[in-house]
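Visitor: I should like a close look at a single part of this structure, set in the context of the whole. Please choose one element and follow it in detail, from its geometry to its surroundings.

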Amino acid sequence: KDLGALLAENPNMVVAVIFYVTYITGIQVFAVRPALASGDWKTAALYGALFGFFTYSTYDLTNHATLRNWSTALTLVDAAWGTILAGITTVIAFSIVSKI
């Protein structure tokens with residue numbers, strides 16, 4: 001509801017794909033590789049969660065600082081979501097790659 005006026009009618013799928021490829025690469029470099037080096041899923045969870053926290057917080061805090069309808073609640077919820085999602089995703093990726 002807060003962001004309705006900002007949404008594009010049609011998302012730019014090329015940009016979306018570029019984002020996800022970039023984000024997945026970041027998780028691999030900054031979280032999965034260190035976890036594989038340590039051999040510990042807890043390293044994957046920690047580094048993945050930190051990666052998610054820093055990336056989502058950068059986006060959310062920038063929007064909070066510059067967009068009129070970006071609320072504190074949205075900033076907090078989205079940053080928490082990114083932290084949890086990246087942590088879980090990294091553990092899954094670590095589990096898969098470590099079995100190969």
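Guide: A residue counts as buried when its relative accessible area is under 20%, as exposed when that value is over 50%, and as partly exposed in between. With that cut-off in hand, Thr 90 is a suitable place to begin: its relative accessibility is 0%, and therefore Thr 90 is classed as buried. The model is a predicted one, and every value below is computed from it. Thr 90 belongs to helix H3, and helix H3 is the part examined here.

The setting can be stated briefly. The protein contains three helices and zero strands, and its pattern along the sequence reads α-α-α. Its C-alpha trace extends about 45 × 30 × 15 Å along the principal axes. Of its 100 residues, 26% are buried. Contacts between residues at least 6 apart in sequence include 66% that connect residues at least 24 apart.

Helix H3 covers residues 72-99. Its 28 residues should span 40 Å at 1.5 Å a residue, and the C-alpha atoms at its ends lie 41 Å apart, so the expected and modelled spans agree.

The covered side of the helix comes next. Thr 75, Asp 78, Ala 79, Gly 82, Ala 86, Gly 87, Thr 90, Val 91, Ala 93 and Phe 94 are the buried residues of H3. An α-helix has 3.6 residues a turn, so residues three or four places apart point the same way. The buried residues of H3 pack against H1 and H2. Thr 90 gives a detailed instance of such packing: leaving aside residues up to four places away in sequence, Thr 90 is in contact with Ile 27, Ala 31, Val 32, Ala 44 and Gly 48. Helix H1 runs over residues 13-38 and helix H2 over residues 41-66, and Ala 44 and Gly 48 are themselves among the buried residues of H2.

Seen from its partner H2, the arrangement is as follows. Helix H2 has 26 residues, for which 1.5 Å a residue predicts a span of 38 Å; its end C-alpha atoms are separated by 37 Å, so here too the two values agree. At the N-terminal end of H2, Asp 40 acts as a cap, with a side-chain oxygen 3.1 Å from the backbone nitrogen of Lys 42. The buried residues of H2 are Thr 43, Ala 44, Gly 48, Phe 51, Gly 52, Tyr 56, Ser 57, Asp 60 and Asn 63, and their cover includes both H1 and H3.

Ser 57, within H2, supplies another link to the helix under study. Its relative accessible area is 11%, and Ser 57 is therefore buried. A polar atom of the Ser 57 side chain lies 2.7 Å from the backbone oxygen of Phe 53. Residues up to four places away in sequence excluded, Ser 57 touches Gly 52, Thr 62 and Ala 79, and Ala 79 appears among the buried residues of H3.

There remains the surface side of H3. Leu 36, Ile 84, Ile 88, Ile 92, Ile 96, Val 97 and Ile 100 make up a nonpolar surface patch, with about 680 Å² of accessible area together. Helix H3 is the greatest contributor to the patch, with five residues, whereas Leu 36 comes from helix H1. Leu 36 is partly exposed, because its relative accessibility is 34%. Ile 92, in H3, has a relative accessible area of 47% and is therefore partly exposed. Val 97, also placed in H3, is partly exposed as well, because its value is 33%. Leu 85, another residue of H3, is likewise partly exposed, because its relative accessible area is 33%. For the protein as a whole, about 7,000 Å² is exposed, and carbon and sulfur atoms supply 70% of that area.

Some distances, taken from C-alpha to C-alpha, place these H3 residues within the fold. Val 97 is 35 Å from Asn 63, with their positions 34 residues apart in sequence. Leu 85 lies 19 Å from Asp 40, the two being 45 residues apart along the chain. Ile 92 is 36 Å from Ala 5, at a sequence separation of 87 residues.

In summary, H3 packs its buried residues against H1 and H2 and contributes five residues to the nonpolar patch on the surface.

Technical notes
Residues are numbered from 1 along each chain as its sequence is written. This is a predicted model: local features need pLDDT of at least 70, side-chain atom pairs count only at pLDDT 80 or more; totals for chains, interfaces and linings use all residues. Side-chain values use heavy atoms; hydrogens and water are left out. Helices (H or I, at least four residues) and strands (E, at least two) are DSSP runs, numbered from the N terminus. The expected span of a helix is 1.5 Å times one less than its number of residues. Buried means under 20% relative accessible area, exposed over 50%, partly exposed in between (1.4 Å probe, protein chains only). Contact means heavy atoms within 4.5 Å. A polar contact is a pair of N or O atoms within 3.5 Å; within protein, one must be able to donate a hydrogen and the other to accept it, and residues adjacent in sequence count only if both atoms are side-chain atoms. Patches are made of residues with over 30% relative accessible area and no salt bridge: like charges are joined within 9 Å, nonpolar side chains (Val, Leu, Ile, Met, Phe, Trp, Tyr) within 5 Å. Accessible areas come from the Shrake-Rupley method with a 1.4 Å probe; for residues, only the protein chains shown count as cover. A salt bridge is a side-chain nitrogen of Lys or Arg within 4 Å of a carboxyl oxygen of Asp or Glu.
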